[in-house]
Amino acid sequence: MKEIDYQEIINRIGFFRNKANLSMRETSARLGKNPQFMKTIENKSVELKVSTLLEFCEVVDIKPQDFFYMGTQYNKEDKEVLELYSNLTDSNKQTILDLMRKLK
């Protein structure tokens with residue numbers, strides 16, 4: 001997985017904003033900020049606050065864990081597969097892994 005630095009956080013903000021089909025202006029409005037707010041964040045003119053990042057996650061309907069863990073690989077179906085897999089027994093996990101290896 002790619003190292004997460006400030007630029008990567010900004011990239012992920014743009015990715016999730018676009019994935020939610022929101023413009024910078026619309027995202028700013030949903031955050032209760034001035035229309036140029038997201039532009040200043042994404043252009044790195046203003047330092048991003050953690051509280052703003054948490055609010056942003058709510059606006060784009062993701063959990064902070066998803067923002068940091070999956071980044072641009074985020075996909076609700078992938079997340080569901082991971083959640084279902086984590087609930088399997090060790091034996092069933094091995095069966096699924098074997099099947100996936102055969103299918104690729």
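Visitor: In which loop is Asp-61 found?
Guide: This is a predicted model. Start at helix α4, which spans 50–59. Helix α5 covers 64–69. Asp-61 sits in the loop between α4 and α5.

Visitor: Is Asp-61 buried or exposed?
Guide: A residue counts as exposed over 50% relative accessible area. Asp-61 has 53% relative accessibility, so Asp-61 counts as exposed.

Visitor: What is the phi of Asp-61?
Guide: Most residues other than glycine have a negative phi. Asp-61 is not a glycine, yet its phi is positive. The value is about 60°.

Visitor: Which residue with a positive phi follows α1?
Guide: Helix α1 runs over 6–19. The loop between α1 and α2 (24–30) comes next. In that loop is a residue that is not a glycine but has a positive phi of about 60°. That residue is Asn-21.

Visitor: What is the relative accessibility of Asn-21?
Guide: The cut-off for exposed is over 50%. Asn-21 counts as exposed because its relative accessibility is 70%.

Visitor: How many Å does α1 reach from its first C-alpha to its last?
Guide: The helix has 14 residues. At 1.5 Å a residue, 20 Å is expected. The span in the model is close to that, at 20 Å.

Visitor: What covers the buried residues of α1?
Guide: The buried residues of α1 include Ile-9, Ile-13 and Phe-16. Glu-8, Arg-12 and Arg-17 are also among them. Their cover includes α2, α3, α4 and α5.

Visitor: Which residues touch the most other members of the largest nonpolar core?
Guide: In soluble globular proteins, nonpolar side chains tend to be buried together. Here the largest nonpolar core has 17 residues. Helices α1, α3 (37–42) and α4 each supply at least two of them. The residues that touch the most other members are Ile-13, Phe-56, Val-60 and Phe-67.

Visitor: Which residues is Phe-67 in contact with, leaving aside its neighbours within four places in sequence?
Guide: Some partners belong to α1, where Ile-9, Arg-12, Ile-13 and Phe-16 are buried. Phe-67 is in contact with those four residues. The rest of its contacts are Leu-53, Phe-56, Cys-57 and Ile-62.

Visitor: Is Thr-52 buried or exposed?
Guide: Thr-52 is in helix α4. Beyond its neighbours within four places in sequence, Thr-52 contacts Leu-31 and Phe-37. Buried means under 20% relative accessible area. At 6%, Thr-52 therefore counts as buried.

How values were computed. Residues are numbered from 1 along each chain as its sequence is written. This is a predicted model: local features need pLDDT of at least 70, side-chain atom pairs count only at pLDDT 80 or more; totals for chains, interfaces and linings use all residues. Side-chain values use heavy atoms; hydrogens and water are left out. A nonpolar core is a set of buried Ala, Val, Leu, Ile, Met, Phe, Trp, Tyr and Cys residues joined through side-chain atoms within 4.5 Å. Buried means under 20% relative accessible area, exposed over 50%, partly exposed in between (1.4 Å probe, protein chains only). Helices (H or I, at least four residues) and strands (E, at least two) are DSSP runs, numbered from the N terminus. Contact means heavy atoms within 4.5 Å. The expected span of a helix is 1.5 Å times one less than its number of residues.
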